[in-house]
Amino acid sequence: MQMGGKMMAVSSQVKTMAATSVVAGSMANSAKVMGKMNDKMDMQKMQKTMNEFTKQNDQMQMKEDMMDDVMDMLDDSDMEMEQDAVMSQLMDEIGLDLSQQMVATPAQRAAAAKAAARQNEELDFPATPAQ
């Protein structure tokens with residue numbers, strides 16, 4: 001049994017050595033490839049490209065911020081109120097009163113009829129039915 005155990009241990013060592021040899025060969029190939037890539041890469045050119053990218057990215061960010069500020073200014077609710085005031089003034093100047101041109105709702109007709117009835121009572125006139 002001792003002999004079988006020793007044989008298994010030797011077999012295991014041989015397999016480990018073969019695997020280590022394959023890993024060493026792969027590492028040698030990787031080192032060659034990395035060396036070739038380092039030779040082909042121009043670090044100054046790469047640095048220049050990265051600096052230009054950073055510069056352009058910063059400029060784009062500033063332009064985006066400026067556009068956001070302009071859009072925020074245009075979206076201001078004060079402008080809407082100002083526009084409504086100008087429109088109301090314009091309509092008053094040309095004699096348009098939209099509230100008179102709108103169709104009255106039943107609640108508005110009932111309120112108008114009550115107001116007319118009160119006015120008629122004050123003047124001692126008979127009330128007229130609402131239309």
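Helices (H or I, at least four residues) and strands (E, at least two) are DSSP runs, numbered from the N terminus. The model is predicted, and local features need pLDDT of at least 70, side-chain atom pairs count only at pLDDT 80 or more, while totals for chains, interfaces and linings use all residues. Residues are numbered from 1 along each chain as its sequence is written, and side-chain values use heavy atoms, with hydrogens and water left out.

**Exercise 1.** Describe the secondary structure of the protein and the confidence in its elements.

*Solution.* Begin with the elements: the protein has 5 helices and 0 strands, which read α-α-α-α-α from the N terminus on. Next take pLDDT, the predictor's confidence in each residue, from 0 to 100: its mean over the protein is 81, and 79% of the residues reach 70 or more. Among the elements, H2 has the highest mean pLDDT, 92, and helix H4 (residues 98-101) the lowest, 58.

**Exercise 2.** Find the residues of the nonpolar surface patch and classify Met41 as buried, partly exposed or exposed.

*Solution.* Patches are made of residues with over 30% relative accessible area and no salt bridge (a side-chain nitrogen of Lys or Arg within 4 Å of a carboxyl oxygen of Asp or Glu); like charges are joined within 9 Å, and nonpolar side chains (Val, Leu, Ile, Met, Phe, Trp, Tyr) within 5 Å. Accessible areas come from the Shrake-Rupley method with a 1.4 Å probe. Val33, Met37, Met41, Met43, Met46 and Met50 make a nonpolar patch of about 580 Å². Helix H1 (2-40) and helix H2 (43-74) each supply at least two of its residues, and H2 gives the most, with 3. Met41 itself lies in the loop between H1 and H2. Buried means under 20% relative accessible area, exposed over 50%, and partly exposed in between; Met41 counts as partly exposed because its relative accessibility is 37%.

**Exercise 3.** Locate the patch of negative charge and place Glu80 in its element.

*Solution.* Asp and Glu count as negative, and the patch gathers Glu64, Asp65, Asp68, Asp69, Asp72, Asp75, Glu80 and Asp84 on the surface. H2 and helix H3 (77-94) are the elements that give two or more residues to this negative patch, with the largest share, 5 residues, coming from H2. Glu80 is found in helix H3, and this residue is partly exposed because its relative accessible area is 46%.

Technical notes. Buried means under 20% relative accessible area, exposed over 50%, partly exposed in between (1.4 Å probe, protein chains only). The place of a charge is taken as NZ of Lys, CZ of Arg, CG of Asp or CD of Glu.
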